[in-house]
Amino acid sequence: MSEIMQRYLFHIHLAGATSRDSVGTLLADDSQAVEHGRLVADEIAEEDDYRGVIVAVENAEGRLLARLTASRAMPPWLIARSRFEHAWAEMRIDFSKL
């Protein structure tokens, strides 16, 4: 007995831009789609400049199943947008000890 595969779309949000998946991937169910989305995010985030990636997983009907970050995602406040912010992040001040 064969499983009925469903199409899932994986949209990539990175640095203020969105790359929309128009082809999709066939998977067995929602949980496999979410796991695949996490793998996509982790693969993209292997490059340090892309650690802030978000992968939005949708089913074929357009219902959002999950918005995923990479397992080694950088918190948004640590993503350097300017030289000043990069220098501030490098100072690594532990405010809890002040």
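## Exercises on strand β4 and its surroundings

Strand β4 (residues 54–59; strands are DSSP E runs of at least two residues and helices H or I runs of at least four, numbered from the N terminus) is mostly covered, five of its six residues being buried, where buried means under 20% relative accessible area with a 1.4 Å probe and protein chains only, exposed over 50%, and partly exposed in between. The model is predicted, so that local features need pLDDT of at least 70 and side-chain atom pairs count only at pLDDT 80 or more, while totals for chains, interfaces and linings use all residues. Residues are numbered from 1 along each chain as its sequence is written, and side-chain values use heavy atoms, with hydrogens and water left out.

**Exercise 1.** Determine which strands pair with β4, and in which direction they run.

*Solution.* Two strands pair if DSSP finds at least two bridges between them. Step one: β1 (residues 6–14) is joined to β4 by six bridges, and the two run antiparallel; Tyr8 has Asn59 in β4 as its bridge partner. Step two: five bridges join β4 to β5 (residues 64–69), again in an antiparallel arrangement, and here Ala56 is bridged to Arg67 in β5. Step three: β4 and β5 form a hairpin with four residues between them, and Gly62 in the turn has a positive phi of about 90°.

**Exercise 2.** Establish whether His11 is buried or exposed, and what its side chain reaches.

*Solution.* His11 lies in strand β1, and it counts as buried because its relative accessibility is 1%. Its side chain reaches the backbone nitrogen of Asp21 at 3.0 Å. Setting aside residues up to four places away in sequence, the residues that His11 touches (contact means heavy atoms within 4.5 Å) include Ile54, Val55, Ala56 and Glu58.

**Exercise 3.** Work out which residues of the largest nonpolar core touch the most other members, and which elements supply that core.

*Solution.* A nonpolar core is a set of buried Ala, Val, Leu, Ile, Met, Phe, Trp, Tyr and Cys residues joined through side-chain atoms within 4.5 Å. Step one: among the 13 residues of the largest such core, Phe10, Ala33, Val53, Val55 and Val57 touch the most other members. Step two: β1, α1 (30–44), β4 and β5 each supply at least two of its residues, and the largest share, three residues, comes from β1. Step three: beyond four places in sequence, Val55 touches residues including Phe10, Val40, Ala41 and Leu68.

Notes
A polar contact is a pair of N or O atoms within 3.5 Å; within protein, one must be able to donate a hydrogen and the other to accept it, and residues adjacent in sequence count only if both atoms are side-chain atoms.
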